[in-house]
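This report describes how a protein surface meets DNA. The structure is shown first, and the contacts are then taken up one strand at a time.

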Protein chains: 2
Amino acid sequence: MGTTQLESVPEPKYWHLKTVLSEALDSEFSVGEILPNERDLAARFGVARATLRQALEQLELEGRLQRRRGVGTTVAPPRVGVAVGSEQHTWPGAAGDAWQATDCTVAAPPASVAGILETAHGEQVHTVRRSRVTHGQQVAAELLYVPASSVPDLSAIDAPSGAARARAVLRELQRLDLENQDRAVELGSARADDAKELDRLPGAPVLVVTTRFFAEGRTAAVSVATYRADTCRLTFGDSGGVEIHHDPERRAS
Amino acid sequence: MGTTQLESVPEPKYWHLKTVLSEALDSEFSVGEILPNERDLAARFGVARATLRQALEQLELEGRLQRRRGVGTTVAPPRVGVAVGSEQHTWPGAAGDAWQATDCTVAAPPASVAGILETAHGEQVHTVRRSRVTHGQQVAAELLYVPASSVPDLSAIDAPSGAARARAVLRELQRLDLENQDRAVELGSARADDAKELDRLPGAPVLVVTTRFFAEGRTAAVSVATYRADTCRLTFGDSGGVEIHHDPERRAS
DNA sequence: CAGTGGTCTAGACCACGCA
DNA sequence: GCGTGGTCTAGACCACTGC
């Protein structure tokens with residue numbers, strides 16, 4: 001009767017490990033601290049390295065840990081809140097937005113984007129690359145697809161590609177009357193190029209924010225922004241920019 | 001000259017596998033179709049089962065596949081768009097919302113929620129469980145935390161717990177003047193109870209939507225909703241409910 | 001009971017960062 | 001060159017589903 005029921009429904013080892021580690025992180029580690037390496041940790045808990053890694057992967061997914069090849073595993077800071085919906089109904093590139101344009105090419109968009117833009121199959125569009133930095137950290141990479149028909153007066157005297165061209169496309173976009181916009185968020189995995197820009201490995205989990213911009217009764221541009229899922233919490237500030245303070249008791253390293 | 005450069009930068013096998021499988025899914029399979037089992041697939045591609053599984057995990061994360069223990073791996077339908085932000089500034093439980101209240105208990109919320117609610121440590125609040133079903137599929141589980149101070153007139157004659165109690169709490173909430181609300185989305189992993197409700201294994205990736213409801217100058221309630229990340233695309237309909245049509249060319253099984 | 005995906009092991013080698 | 005995390009293998013057993 002006094003016996004405690006152990007493992008009657010045997011929880012997976014990695015799940016139990018994750019719980020134990022999570023509690024240890026709360027009580028015995030501070031942000032930025034380096035954990036013992038995977039081989040040592042696995043030995044300490046008496047499990048195979050693969051099993052330990054399953055637990056670490058979960059904790060990284062939840063933003064509790066940060067792992068870097070060649071360096072080690074560190075305790076991650078709390079996720080940063082990144083405002084996504086506060087600047088309602090403004091074009092990308094409007095004064096004071098959080099993005100920096102880095103490049104612009106002309107290319108055929110992926111099929112899913114072409115479907116939204118209602119462009120012909122294989123039709124090329126202006127493709128602006130932008131990146132977003134918050135608190136000194138690169139948090140997102142974006143591709144903005146702009147059909148030629150949305151920027152008819154784009155001057156040929158501007159550079160044919162590069163950051164200057166990107167700014168020219170954004171400038172032209174401002175001239176349209178933005179009627180509405182529309183957002184969706186889903187889970188994805190980083191393509192090789194985005195992963196590199198976000199300083200993650202390919203396949204890293206990302207939050208994909210797809211935004212449609214409506215002008216003149218049609219979809220004038222589509223933005224596909226990928227945010228690091230491990231470090232970001234996307235905020236949709238209906239309340240006018242009130243910031244959520246999260247786990248205020250955790251201290252910085 | 002004519003030689004194709006193979007593996008000069010050796011892509012990981014699982015990454016290449018994922019690409020190959022992804023293309024096969026597009027061209028040779030239709031939604032709902034069952035794939036060969038993991039042992040056969042691994043043998044067919046000449047890799048260890050663990051490596052194949054790494055590729056399948058990624059594809060499942062991206063919503064391309066669905067795996068069920070004891071059953072098999074099937075081709076997933078396109079993600080369903082789930083409206084999260086369209087019904088702006090209404091209380092949970094307002095007429096016509098997509099949720100169904102199933103239970104209500106009185107308990108101390110997790111520390112992160114207590115911090116937002118600004119309740120004392122260990123203070124108990126009404127905790128309403130709701131679930132959301134779209135297209136016959138359970139897509140989300142929610143816990144709604146309501147401090148007693150937000151529903152002062154809650155009648156003692158209602159049941160102390162259960163669905164009836166949940167509805168009573170929601171009814172009382174409607175009487176408050178909702179001033180604003182505030183949302184955040186982040187990646188998480190399903191706790192055991194949520195996982196069961198969502199018909200997934202514990203640890204499955206979920207999109208966690210945290211909503212704060214402001215009334216009478218303070219946070220009157222907090223909702224933490226977990227959506228299946230594999231099957232859902234969260235839509236924030238600033239444009240008044242315009243629905244994104246995604247990959248319309250894919251056909252149902 | 002047979003077949004599926006889920007967990008776990010004990011190794012090996014590789015790619016990367018840094019001193 | 002050394003130590004780190006990342007990839008990969010070839011097995012084993014377990015938990016669940018459906019017949």
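## Contacts with DNA strand C

A polar backbone atom of Glu38(B) lies 2.9 Å from a phosphate oxygen of DNA strand C, and a polar backbone atom of Ala48(A) is likewise 2.9 Å from a phosphate oxygen of that strand; a polar contact here is a pair of N or O atoms within 3.5 Å, where, within protein, one atom must be able to donate a hydrogen and the other to accept it, and residues adjacent in sequence count only if both atoms are side-chain atoms. A base is reached as well, since an N or O atom in the side chain of Arg49(B) is 2.8 Å from a base nitrogen of DNA strand C.

## Basis of the values

The model is predicted, with local features requiring pLDDT of at least 70 and side-chain atom pairs counted only at pLDDT 80 or more, while totals for chains, interfaces and linings use all residues. Residues are numbered from 1 along each chain as its sequence is written, chains are lettered from A and ligands numbered from 1 in the order in which they are written, and side-chain values use heavy atoms, with hydrogens and water left out.

## Surface near DNA strand C

There are 27 residues around DNA strand C, and Lys13(A), Thr51(A), Asn37(B), Arg49(B) and Arg53(B) come nearest, a residue being near if one of its heavy atoms lies within 4 Å of the strand. Of the strand's atoms within 4 Å of the protein, 68% belong to sugar or phosphate and the rest to bases.

H3(A) gives the largest share of this surface, four residues, where helices (H or I, at least four residues) and strands (E, at least two) are DSSP runs numbered from the N terminus. Among the elements of chain B that each supply at least two residues are helix H2 (38–45), strand S1 (65–68) and strand S2 (72–75).

## Surface near DNA strand D

Around DNA strand D there are 27 residues, with Asn37(A), Arg49(A), Lys13(B), Ala48(B) and Thr51(B) the closest. A polar side-chain atom of Thr51(B) lies 2.4 Å from a phosphate oxygen of this strand, and for N or O atoms in the side chains of Asn37(A) and Arg67(A) the distances to a phosphate oxygen are 2.7 Å and 3.4 Å, respectively.

The largest share of the surface near DNA strand D, four residues, is from H3(B). By class, this surface has nine nonpolar, seven polar and eleven charged residues, with Ala, Val, Leu, Ile, Met, Phe, Trp, Tyr, Cys and Pro counted as nonpolar, Asp, Glu, Lys and Arg as charged, and the others, Gly among them, as polar.
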